[in-house]
Structure formats: C-alpha cells, structure tokens
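Trainee: I am new to this structure and would like to understand how its descriptive terms are justified. Could you take me through them one by one, setting each value against its definition?

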Amino acid sequence: RSGPRTGGREEPISLWISNLHYDVRSEELRRLFGRYGRIRDIYLPTDFYTKQPRGFGYLEFLDIRDAEQARRALHGYCLYGREISVMYAAGSRKSSDQMRTRDRPRGYSSRNRSPGRRGRYSPRRSRSPRRSRSPR
C-alpha cells in the first residue's frame with residue numbers, strides 16, 4: 001500500500017505507533033524516529049482515570065517523505081522487547097474531552113461517580129428484614 005498523497009507539497013503527516021511498552025517515553029521515540037527527519041509533535045495518550053499509558057502513540061513528521069522512510073524502517077522494530085507497529089494515523093488527534101467520553105466505563109454516572117450503583121439499597125428492598133407472620 002502506498003502512503004497518503006500530498007500533491008507534491010510538504011505537509012505534516014502523523015504516524016500511529018502501537019504495541020508500545022508502558023515505560024516508553026516521548027524522548028526515546030524522538031531519538032529513534034528523529035533519525036529519519038524533523039518531528040513536529042509526539043503524543044502518548046494516557047488513560048484519563050488511571051493516568052497509565054495506553055500502549056500506543058502518535059508521531060507527526062514535518063515531511064511526508066521522512067514519515068514514509070521511518071515507517072518502512074521501524075515497522076516491526078523491537079523496542080523494550082516488543083515489536084512495534086508503525087502505520088499512518090487515521091483521523092485527527094482527539095481532545096481530552098473526547099477521550100474522557102470514550103474511556104468512561106459502562107454504567108458510569110457523573111452524578112455519583114460510581115459505576116452501576118443506584119445507592120446503598122436497591123429501591124425494591126427494604127432496609128429491615130422481612131418477618132413472616134406465623135400464628136402462635
């Protein structure tokens with residue numbers, strides 16, 4: 001598959017890097033990918049709630065030719081014991097609000113900040129145990 005078309009102009013182009021080890025930092029990616037050309041931006045998303053790395057990142061080159069050269073050279077490269085995948089990024093970078101909405105666990109309510117709970121007691125149960133009325 002060929003790369004994205006730019007009509008002969010130099011345009012910034014983003015690469016999506018997946019299967020990154022959680023200890024990888026942007027400085028290391030800049031050193032590794034920077035051998036192939038000038039990098040405009042590196043973004044390593046973290047989970048909004050846990051603040052842990054998500055295992056993928058975006059790297060934006062200033063020139064599409066540099067991005068293509070880096071993609072060909074580093075797709076399948078072993079970094080921190082993991083074989084990384086380097087592909088062209090699809091779509092634009094998401095805002096933190098878009099990621100927060102996307103990452104929200106199912107059943108999450110912003111009111112009580114607790115997944116799937118309506119309160120301490122369900123509305124169908126009474127707080128006191130039921131007592132059967134048996135004749136004495």
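Mentor: Let us begin with the polar contact, which is a pair of N or O atoms within 3.5 Å, where within protein one must be able to donate a hydrogen and the other to accept it, and where residues adjacent in sequence count only if both atoms are side-chain atoms. Please keep in mind that this is a predicted model, in which local features need pLDDT of at least 70 and side-chain atom pairs count only at pLDDT 80 or more, while totals for chains, interfaces and linings use all residues. Residues are numbered from 1 along each chain as its sequence is written, and side-chain values use heavy atoms, with hydrogens and water left out.

Trainee: What makes the pair Asp 63 and Arg 65 a polar contact?

Mentor: The side chains of Asp 63 and Arg 65 are joined at 2.7 Å, which is within the 3.5 Å that the term allows. Asp 63 itself sits in the loop between β3 and α2.

Trainee: Why does Asp 63 count as buried?

Mentor: Buried means under 20% relative accessible area, exposed means over 50%, and partly exposed lies in between, with a 1.4 Å probe and protein chains only. Asp 63 has 9% relative accessibility and therefore counts as buried. Leu 29, at 1%, is buried on the same rule, whereas Met 87, with 37%, is partly exposed. Of the 136 residues of the protein, 28% count as buried.

Trainee: How do you know how many helices and strands there are in the protein?

Mentor: They are DSSP runs, numbered from the N terminus, with H or I over at least four residues for a helix and E over at least two for a strand. On that basis there are 3 helices and 6 strands, and from the N terminus on they follow the order β-α-β-β-α-β-β-β-α.

Trainee: Which strands form the open sheet, and what is their order?

Mentor: Two strands pair if DSSP finds at least two bridges between them. By that rule β1 (residues 13–18) and β3 (residues 56–61) pair, since 6 bridges join them, and they run antiparallel; β2 and β3 likewise pair in the antiparallel sense, over 4 bridges. The open sheet has 4 strands in the order β2-β3-β1-β6, with antiparallel pairing. β2 (39–43) and β6 (85–88) each have a single partner strand, so they stand at the edges with one side left without a neighbour in the sheet. On average, neighbouring strands of this sheet are turned by 20° against each other, direction ignored; axes here are lines fitted to C-alpha atoms, for helices over the stretch in contact, and angles run from 0 to 180 degrees between N-to-C directions.

Trainee: Which residues stand opposite one another in this sheet?

Mentor: Leu 15 faces Leu 59 in β3, Ile 17 has Gly 57 as its bridge partner there, and Asp 41 stands opposite Glu 60. In β3, 5 of the 6 residues are buried, so this strand is largely enclosed by the rest of the structure.

Trainee: Which residues of α1 are buried, and what puts them on the same side?

Mentor: In α1 the buried residues are Leu 29, Leu 32 and Phe 33. They cover an arc of only 85° around the axis, and therefore lie on the same side of α1; the arc is that of the directions from the helix axis to the C-beta atoms.

Trainee: What do the buried residues of α1 pack against?

Mentor: Contact means heavy atoms within 4.5 Å, and the buried residues of α1 pack against β1, β2, β3, α2 (64–74), β4 (78–79) and β6. Leaving aside neighbours within four places in sequence, Leu 29 is in contact with residues including Leu 20, Ile 42, Leu 59 and Leu 79.

Trainee: Which residues is Met 87 in contact with?

Mentor: Met 87, which is found in strand β6, is in contact with Ser 14, Leu 15, Trp 16 and Arg 71 once neighbours within four places in sequence are left aside. The C-alpha atoms of Met 87 and Ser 14 are separated by 8.8 Å, although the two are 73 residues apart along the chain.

Trainee: Which residues of α2 are buried, and what covers them?

Mentor: The buried residues of α2 are Ile 64, Asp 66, Ala 67, Glu 68, Ala 70, Arg 71 and Leu 74, and their cover includes β1, α1, β3 and β6.
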